[in-house]
Amino acid sequence: MFEKYDIIVVGAGHAGCEAAAAAAKLGSKVLLITMNLNNLGYMSCNPAMGGIAKGQILREIDALGGLSAIISDYTTIQFRMLNRSKGPAMWSPRAQIDRMLFTIKWREAIESLPNVHLWQDTVEEIKIKKKKFQSVRTKLGITIEAKSCIITSGTFLGGKIFIGKKWFESGRLGETASFGITKSLEKHGIKSEKLKTGTSVRLDGRSIEFSNLVEQEGDENPGRFSFINTPRPAKQRSCFLTYTNSVVHEILKQGFDDSPLYQGMFKGTGPRYCPSIEDKLVKFEDRDRHQLFLEPEGWNTYEYYINGFSSSLPEDIQYKALKNIEGLENARILKPGYGIEYDFFPPTQLNYSLESKIVEHLYFAGQVNGTTGYEEAACQGLMAGINAHRKINLQEPFILQRSEAYIGVLIDDLVTKGTLEPYRMFTSRAEYRLLLRQNNADIRLTEKGHDVGLCSQGRLDSVLKKKDAIDRIKQFLIYNKVEGVEIDNFLEESGSTRLKSKSSIADLIKRPQVSIYKLYEKLGNFKEYVDGFDLKHMKQEVLEETEILIKYEGYIQKEQEVIERIQKFENLPLKKDFDYMKLKGLSLEARQKLQEIKPESIGQASRISGISPADISVLLIFLKS
């Protein structure tokens with residue numbers, strides 16, 4: 001039945017779909033194996049894409065030629081740009097998604113790729129010979145060979161669901177767990193551990209009293225994730241805001257004796273930044289209420305997700321607590337919240353390419369690497385798909401630096417520091433976040449996506465046209481000066497001071513009260529100049545980027561100078577087979593950590609927990625000698 005494939009992808013969640021699509025578009029023949037073909041790209045938790053730092057990742061995926069942003073745009077039911085009141089480094093796009101339509105669109109996207117074959121089955125064994133991947137064996141007893149394999153199994157490996165003291169094996173509520181892969185990998189020296197996550201109750205929207213809740217609408221002029229001309233939502237659905245209270249908290253505490261979290265039933269650590277409601281009551285015991293968002297699951301369903309009410313408490317406790325929340329007094333539960341524990345493989349066992357250091361041609365992406373979130377999984381899948389294809393075609397791995405992308409930050413954090421809890425991306429994790437803005441991801445990465453082979457020449461030409469327009473408009477603003485009563489009146493209306501002498505338009509834009517869009521409307525010569533470019537759907541993006549480059553010029557320049565200084569040592573290579581235990585000038589902890597992680601460069605070595613500047617000095621002296 002099966003030929004020998006180039007790449008087998010195990011699991012069809014966000015990581016698996018991106019991995020399969022990327023490898024197939026590059027020319028590899030891919031077999032995507034999943035336990036349920038109806039659930040490609042399924043959203044296991046809340047029905048949303050993007051958010052703080054996650055929106056940046058989604059735009060980077062798009063800039064490189066991935067599909068998640070495009071599919072999100074076609075299934076958006078509400079769009080908001082978060083943190084607009086802060087600096088541009090913090091702006092983060094987020095969208096509510098039609099969960100069912102999202103899965104349908106992923107299925108359509110995968111089926112449109114002739115190089116991807118689908119197979120519904122469960123992989124139970126990864127076969128390895130002489131430290132190289134050989135084949136997979138499935139539950140149906142079929143052995144399928146391939147040159148390479150990418151494991152993207154999400155929470156399904158050894159998955160156990162907990163609701164109170166009840167537990168059962170499952171990868172998601174209503175779906176079976178997967179067993180066999182973990183043991184087959186452990187036999188070859190790959191370590192596994194446990195992590196825990198959870199999800200919230202789903203409610204029947206017909207039983208919610210929305211008039212008692214705070215409505216949260218989408219942006220008046222909604223944006224989109226993709227840089228190509230995908231549709232913006234013509235209409236939007238609202239979310240709604242409510243709060244817990246002291247009565248709710250007392251009811252929830254009554255379930256602590258039956259909580260798997262507090263009765264030691266979980267072996268794995270849960271997510272620090274997305275805690276369950278019972279975890280919030282313990283960690284933030286001084287708070288008398290917690291915020292909850294009611295998020296619609298789609299256009300044509302009455303199902304609502306309660307963001308902020310993740311729980312593994314007994315279902316009757318969840319029900320009683322909900323009945324005491326304003327607006328939910330008559331609420332009916334469609335699905336209870338639950339906790340889930342699953343196997344993951346500590347990512348310090350991986351190279352930057354996401355290939356195993358132990359087994360050649362075996363890649364890991366997504367929650368099996370200890371991350372949480374659709375976007376984190378999708379970007380890993382994209383990178384693993386690219387690198388698996390490049391490896392079998394004898395090409396160098398495609399690696400993104402921390403200074404180039406949030407994706408580079410995420411992968412460097414994982415393979416260098418590892419994680420003891422589900423890893424979530426934040427803007428604070430990126431030291432160069434002013435350079436890694438959501439709005440310039442295409443300028444940063446599309447040329448790289450084109451060089452890899454995922455972005456078309458037409459798409460690259462569009463980005464080059466955009467860059468040229470930004471550069472030329474910026475120069476126009478620097479070298480054209482203005483003065484006069486009309487400008488002074490405009491400045492006063494904007495809350496800024498009048499001009500003392502003739503000023504360049506760029507200097508006006510540097511004032512915090514002055515917007516480039518208002519100047520665009522005010523100054524005829526500026527408007528005529530901008531409109532002279534064939535920008536079509538890119539005009540807003542061009543003006544926004546131009547304004548940021550002018551307003552934050554000094555800060556951007558400082559970050560670039562820091563990067564240039566660090567790059568001097570960042571990419572100095574270290575041999576993978578070097579025995580660090582021989583370097584007596586290093587502390588014992590440093591030798592042990594370096595021996596375990598085998599960093600690829602001085603830069604990576606410097607970010608390993610427990611490695612001091614003195615240890616790096618020893619390594620630099622050794623390299624010079």
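## Rings, strands and a helix crossing

Phe2 is partly exposed, at a relative accessible area of 24%. Keep in mind that this is a predicted model, so everything below is read off computed coordinates.

**Aromatic pairs**

Phe2 is a handy way into the ring story. How many aromatic pairs does a search of the whole structure find? The search turns up 13 of them. In one, the ring centres of Phe2 and Trp119 sit 4.9 Å apart with the planes at 85°, so this pair is edge-to-face. Phe2 belongs to the segment before β1 (5-10), while Trp119 is in strand β6 (residues 116-120), so the pair ties together parts that are 117 residues apart in sequence. Trp119 itself has 19% relative accessibility, which is under the 20% cut-off, and so counts as buried.

Another pair is made by Phe578 and Tyr580: with centres 5.0 Å apart and planes at 80°, that one is edge-to-face too. Phe578 and Tyr580 are both buried. There is also a cluster, where ring pairs link Phe476, Tyr520, Phe526, Tyr529 and Phe533.

**A three-stranded sheet**

Now for some strands. One open sheet has three of them, in the order β3-β5-β4, and the pairing is antiparallel. Which strands stand at the edges? Those are β3 (48-50) and β4 (76-82); each has a single partner strand, so one side of each is left without a neighbour in the sheet. On average, neighbouring strands here are turned by 20° against each other, ignoring direction. The antiparallel pairing of β4 with strand β5 (residues 92-97) runs over six bridges, and if you want a residue to look at, Phe79 has Ala95 in β5 as its bridge partner.

**A strand that is covered on both faces**

Strand β18 (residues 338-344) is mostly covered, with seven of its seven residues buried. In a regular strand, side chains alternate between the two faces of the sheet. For β18, one side carries Tyr338, Ile340, Tyr342 and Phe344, the other carries Gly339, Glu341 and Asp343, and all of these are buried. The charged residues Glu341 and Asp343 are thus among the buried ones.

What does β18 pair with? Strand β10 (residues 160-163) pairs with β18 in the antiparallel sense over three bridges, and there Phe162 has Gly339 as its bridge partner. Strand β12 (residues 193-204) also pairs with β18 in the antiparallel sense, over seven bridges. In β18, Phe344 is the residue that stands opposite Glu193.

**Two helices crossing**

Helix α9 (residues 374-392) and helix α10 (residues 406-417) have axes that come within 10 Å and cross at roughly 90°. That makes α9 roughly perpendicular to α10. Who meets whom? From α9 come Glu376, Cys379, Gln380 and Met383, and from α10 come Ile407, Leu410, Ile411 and Leu414. Sorted by class, this contact has six nonpolar residues, one polar and one charged.

**Three loop residues**

Most residues other than glycine have a negative phi. Leu394 and Lys598 go the other way: phi is positive, near 60°, for Leu394, and positive, near 55°, for Lys598. Are these two buried or exposed? Leu394 is exposed, whereas Lys598 is buried. Here they are with Ala331, another loop residue:

| Residue | Loop | Relative accessible area | State |
|---|---|---|---|
| Ala331 | between α8 (315-322) and β17 (333-335) | 3% | buried |
| Leu394 | between α9 and α10 | 80% | exposed |
| Lys598 | between α19 (588-597) and α20 (602-606) | 18% | buried |

The loop that holds Leu394 is the one between the crossing helices α9 and α10.

As for Ala331, which residues is it in contact with, leaving aside its neighbours within four places in sequence? They are Leu203, Ser207, Tyr319 and Lys323. Tyr319 is 12 residues away from Ala331 in sequence, and their C-alpha atoms are 8.5 Å apart in space. Leu203 falls in β12 (residues 193-204), the strand that pairs with β18.

Terms used
Residues are numbered from 1 along each chain as its sequence is written. This is a predicted model: local features need pLDDT of at least 70, side-chain atom pairs count only at pLDDT 80 or more; totals for chains, interfaces and linings use all residues. Side-chain values use heavy atoms; hydrogens and water are left out. Two strands pair if DSSP finds at least two bridges between them. Helices (H or I, at least four residues) and strands (E, at least two) are DSSP runs, numbered from the N terminus. Axes are lines fitted to C-alpha atoms, for helices over the stretch in contact, and angles run from 0 to 180 degrees between N-to-C directions. Angles under 35 degrees count as roughly parallel, over 145 as roughly antiparallel, 65 to 115 as roughly perpendicular and the rest as oblique. Contact means heavy atoms within 4.5 Å. Rings of Phe, Tyr and Trp (its six-membered ring) pair if their centres lie within 6.5 Å; planes under 30 degrees apart count as stacked, over 60 as edge-to-face and the rest as tilted. Buried means under 20% relative accessible area, exposed over 50%, partly exposed in between (1.4 Å probe, protein chains only).
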